[in-house]
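Dear colleague,

I am handing over the structure we spoke about, and my notes on it follow below. Please read them with the model open beside you.

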Amino acid sequence: MRIGIDLGGTKTEVIALSDAGETLFRHRVPTPRHDYPQTLQAIVDLVRLTEEKTGQQGSVGLGIPGTLSPYNQRVKNANSTWLNGQPLDRDLARLLDREVRIANDANCLAVSEAVDGAAAGRALVFAVIIGTGSGAGIAINGVSHAGGNGNAGEWGHNPLPWMDEDELRFREEVPCYCGQKGCIETFVSGTGFATDYQRLSGRSLSGAEIVALLNQQDPLAELAMGRYELRLAKSLAQVVNLLDPDIIVLGGGMSNVERLYQTLPTLMKPWVFGRECETPVVKAQHGDSSGVRGAAWLWPLA
């Protein structure tokens, strides 16, 4: 049995998978925010509950909104800031009396979809989370790829490519929490989409509310979506130029906007070197379960 845990900013979820990928148990609890000891205890309690409910012991994989530094083996780059600087895998290994494997949550999405999801059978998978924030992960032959600095897939914290005049203004008006300006995350996250609509309309609405207006042929919602699609297309074209993945998988709230799968492949082509690009852009098959499933698959089949 493989136990996977997705440690999110607001909720922590556990899943237990059989060797065949069947769900044996699943449960979620609120994440103890800004409290590292309580976060550790919540994870330990979920593992123990899972083993109690299934009657089995399992390997443990954990997806986090950050990564482990390969230099000091402590968490870095986590927007759940109370994790930063902590030896999370070692603390959990001590409490659970077994090795715990940790990967970035977007890498877990990539692994999940590569193993038995929308990207099954593809050697090089680039998976994007476009939700409250925006990040990405890479799976190679079904295995999470973190890179020598632990930063592989940190696509959201590169600058938006080929900025026009309005995007240059957006860059100055909407700085990124990481301390830089013009990060892809500020443009293509659901938060960025809502921010751009507010700049256009003066109205503060959620992404879901704007999409509902889009379905009613609201002209400003259509303008905001057109700008969003172009920005996302440029950002993904840059990935094709650098990595040329076999497939791109989208997860997170904005991935539920079905028109993206029709518009993005066409919009990407002019920005790809040589203007040839048939890279599939697909929706995550496992939806919001992909991250927690991918954490379980950090322990591959023997």
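**Charged pairs, backbone and overall form**

Glu172 counts as partly exposed, at 44% relative accessibility. Please keep in mind throughout that the model is a predicted one. The side chain of Glu172 meets that of Arg171 in a salt bridge, with 3.2 Å from N to O, and Arg171 is likewise a residue that counts as partly exposed, its relative accessibility being 29%. There is also a network in which salt bridges with shared partners join Asp166, Glu167, Arg169, Glu173, Asp196, Arg199, Arg227, Arg231 and Lys234.

Two further pairs may be worth your attention. In one of them, the side chains of Glu13 and Arg26 form a salt bridge with an N to O distance of 2.3 Å. Because Glu13 belongs to strand E2 (residues 11–17) and Arg26 to strand E3 (residues 23–30), this pair ties together parts that are 13 residues apart in sequence. As for the surroundings of the two partners, Glu13 counts as buried, with a relative accessibility of 1%, whereas Arg26 is partly exposed, with a relative accessible area of 38%. Since buried means under 20% relative accessible area, the value of 1% places Glu13 in that class.

The other pair is Glu99 and Arg101, which form a salt bridge whose closest N and O atoms are 3.7 Å apart. Here Glu99 counts as partly exposed at 48% relative accessibility, and Arg101 is partly exposed too, with a relative accessible area of 29%. A search of the whole structure finds 26 salt bridges, and the pairs described above are among them. Side chains of opposite charge can pair when their charged atoms come close.

Turning to the charges of the chain as a whole, I find 27 positive and 34 negative side chains, and the centres of these two sets lie 2 Å apart.

On the backbone, two residues that are not glycines have a positive phi. Asn141 has a phi of about 50 degrees, and this residue is found in the loop between strand E9 (134–140) and strand E10 (143–144). With a relative accessibility of 61%, Asn141 counts as exposed. Trp162, also not a glycine, has a positive phi of about 50 degrees, and Trp162 lies in the loop that runs between E10 and helix H4 (165–173). At 40% relative accessibility, Trp162 counts as partly exposed.

As regards the overall form, the secondary structure of the chain comes to ten helices and twelve strands. The radius of gyration is 19 Å, close to the 19 Å that the globule rule gives for 302 residues, so the chain is as compact as a globular protein of that length. Along its principal axes, the C-alpha trace spans about 55 × 40 × 40 Å.

How much of the chain is buried? Of the 302 residues, 52% are buried. The accessible surface of the chain comes to about 13400 Å², and carbon and sulfur atoms account for 50% of that surface. Finally, among the contacts in the chain with a separation of 6 or more, 64% are made by residues that are 24 or more positions apart.

With best regards

How values were computed. Residues numbered from 1 in each chain as written. Predicted model: local features only at pLDDT ≥ 70, side-chain atom pairs only at ≥ 80, totals over all residues. Heavy atoms only, no water. Helix = DSSP H or I, 4+ residues; strand = E, 2+ residues; numbered from the N terminus. Rg over C-alpha atoms; globule rule 2.2 N^0.38 Å. Buried < 20%, exposed > 50% of the residue type's maximum accessible area, 1.4 Å probe, protein only. Contact = heavy atoms within 4.5 Å. Areas by Shrake-Rupley, 256 points an atom, 1.4 Å probe, with all protein chains shown as cover. Lys, Arg positive; Asp, Glu negative; His and termini not counted. Charge placed at Lys NZ, Arg CZ, Asp CG, Glu CD. Salt bridge = Lys/Arg side-chain N within 4 Å of Asp/Glu carboxyl O.
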